[in-house]
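Here is my note on the model you sent over. Keep the viewer open and look up each part as you read.

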There are 2 protein chains.
Amino acid sequence: MDHSLSIAEENYLKAIQKLSDAQIHKISTNDIANMMNIAAPSVSDMLKKLAQKKMISYEKYYGVKLTKQGEQIAFSLIRKHRLWEVFLTQKLNFAWDEVHDIAEQLEHIKSDDLINRLEKFLGSPKYDPHGDPIPDAKGQIQVRKQIQLNELKKNEKAVIVGVKDTGAVFLQFLDSIQLSLGTKVQMKNVIEFDQSIIIKLSDNRELMLSHLVSQNIFVSPA
Amino acid sequence: MDHSLSIAEENYLKAIQKLSDAQIHKISTNDIANMMNIAAPSVSDMLKKLAQKKMISYEKYYGVKLTKQGEQIAFSLIRKHRLWEVFLTQKLNFAWDEVHDIAEQLEHIKSDDLINRLEKFLGSPKYDPHGDPIPDAKGQIQVRKQIQLNELKKNEKAVIVGVKDTGAVFLQFLDSIQLSLGTKVQMKNVIEFDQSIIIKLSDNRELMLSHLVSQNIFVSPA
DNA sequence: ATTTTATTTTAGGCAAAACTAAAATAATAT
DNA sequence: ATATTATTTTAGTTTTGCCTAAAATAAAAT
């Protein structure tokens, strides 16, 4: 009964999980095809297979949802991905914008023993280099109270704890303006015209950020 | 010109390399099929493909040999495999009989940057947990003067530096009689009847080993 | 309520990497 | 020198995971 999945199958589960996070409703074939950059018929094929393996519940034409089992596997992939990202940054000194592709490969290495030892070796970190929470061995995720930077009230202070967009372009932009996880910020102003914001940093520097940028930064009350 | 090979192709190159190490002559289709536990026609197919990619020189019916390029890739795979084995034992506390299968997966992760950083992180080790030498970034292998344990002359002293058979069964057997890399031994006697040997350890313990066992242990003069 | 548009599925193909059975070639033995 | 045996290759299938084109279904627009 060892439902060992192929790398392709695993990637579908991860994509469906990611979409479930962002949407309340069932996930459509096209959603998955767009996310994975493949053609819709390929997705239809795979959904049939994953339904047979009880990884998803699938009503033809009406979208899919992960089963308990499918969710379990998706979380274990996310766990592996994020732990490897911590390894790459903490131990091998990779920058936070360089780790995604390598972790994408490493997450498919099959060995529970390996990943549990890796976790211990890393000191059981709770968050990855982008501030995303790391599920524990049972798939449980620690949730943290966090809001988007643009949601701060005037003069409210907070700490940057995560980013929504984890693409290299956005991360390198944050590097260039010296914002990183742990940076303390204070909301100074929301520009009425286009919702740009002005924040103040601990070195008294003031910074103007577009609405889009501010939406992609997560903060926790300081 | 990025000749990125599939995992299957990489495994063929590794198998051919391993066979080249053990044989002087060209490698036959059957040799490869036996080593990889697959049918001969599958090998024939793949050899055609690898020849097209200039990874091997291949004369139909007369066996194969790695090209410079193919050898380069084979060595880089061996380098990755052995560095990951060091990581697993040194950092994650795996035993030397537990690392092979996981390293077999890790060796196919594609990133030169990753493996070079890993090497640095591990302190540029020269040997893996079984005493096999680790090729450097250019594919150069450090050769060490070593002989089989059974070749020691009477009363000669030496240190165990490697094993030929790296299977879990043999390694666990060595564990059970408390022989490991670094153990100092002295040859006491070669039994005429069946070439069994008697060695003396630093704690004065005397141990009798079969010819086959002694052939699978590499030593260097102390 | 029916037509138009968009989405999803089915049908049919392709490439990779394995397989078995049969044919071709080489090696060996008479 | 020819026949037998062993090895290797070719031919034809299978499975996985993708594709395009066409058909089926659902959603929307009139």
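**Notes on the model**

1. Let's begin where the two chains meet, remembering that this is a predicted model. The contact draws 13 residues from chain A and 13 residues from chain B. On the chain A side, helix 5 (100-106) and helix 6 (112-121) each put in at least two residues. Helix 6 of chain A gives the most to that side, with four residues. Sorted by class, the side of chain A that touches chain B has seven nonpolar, three polar and three charged residues.

2. Next, have a look around DNA strand D. Which residues come nearest to DNA strand D? Of the 19 residues around the strand, they are A:Ser6, A:Pro41, B:Ser28, B:Asn30 and B:Pro41. Chain A brings helix 1 (7-22) and helix 3 (40-52) to this surface, while chain B brings helix 2 (29-36) and helix 3 (40-52), and each of these helices supplies at least two residues. As for class, the surface near DNA strand D is made of ten nonpolar, six polar and three charged residues.

3. Now step back to chain A as a whole. The domain assignment splits out domain 1 (7-66) and domain 2 (147-221). Try finding both in the viewer: the C-alpha centres of these two domains of chain A are 34 Å apart.

4. On to a pair of helices in chain B. Two packed helices are described by the angle between their axes and the distance between the axes. For helix 1 (residues 7-22) and helix 4 (residues 68-91) of chain B, the axes come within 9 Å and cross at roughly 95°. Because of that angle, helix 1 of chain B counts as roughly perpendicular to helix 4 of chain B. Helix 1 of chain B makes the contact through B:Glu10, B:Leu13, B:Lys14 and B:Gln17, and helix 4 of chain B through B:Gly70, B:Glu71, B:Ile73, B:Ala74 and B:Leu77. By class, this contact has four nonpolar, two polar and three charged residues.

5. Chain A also has a sheet to trace. Its six strands make an open sheet in the order 3-8-4-5-6-7, with antiparallel pairing. Why do strand 3 (147-148) and strand 7 of chain A each have one side without a neighbour in the sheet? They stand at the edges with a single partner strand each, so one side of each stays free of a neighbour in the sheet.

6. Let's walk through some of the pairings. Strand 4 (residues 157-163) and strand 5 (residues 184-190) of chain A run antiparallel and are joined by three bridges. There, A:Lys157 sits opposite A:Gln186 of strand 5. Strand 5 of chain A also pairs with strand 6 of chain A, in the antiparallel sense and over five bridges. A:Val185 has A:Leu201 in strand 6 of chain A as its bridge partner. These two strands form a hairpin with six residues between them, and A:Gln195 in the turn has a positive phi of about 65°.

7. Last comes the pair at the end of the strand order. Strand 6 (residues 197-201) and strand 7 (residues 206-209) of chain A run antiparallel, with four bridges joining them. Across from A:Ile198 you'll find A:Met208 of strand 7, and across from A:Lys200 you'll find A:Glu206 of strand 7. This hairpin has four residues between its strands, and A:Asn204 takes a positive phi near 70°.

How values were computed:
Residues are numbered from 1 along each chain as its sequence is written. Chains are lettered from A and ligands numbered from 1 in the order in which they are written. This is a predicted model: local features need pLDDT of at least 70, side-chain atom pairs count only at pLDDT 80 or more; totals for chains, interfaces and linings use all residues. A residue is near a molecule or strand if its C-beta atom, placed from the backbone, lies within 6 Å of it. Ala, Val, Leu, Ile, Met, Phe, Trp, Tyr, Cys and Pro count as nonpolar, Asp, Glu, Lys and Arg as charged, and the others, Gly among them, as polar. Domain bounds come from an automatic or database domain assignment. Two strands pair if DSSP finds at least two bridges between them. Axes are lines fitted to C-alpha atoms, for helices over the stretch in contact, and angles run from 0 to 180 degrees between N-to-C directions. Angles under 35 degrees count as roughly parallel, over 145 as roughly antiparallel, 65 to 115 as roughly perpendicular and the rest as oblique. Two residues are in contact if their C-beta atoms, placed from the backbone, lie within 7 Å.
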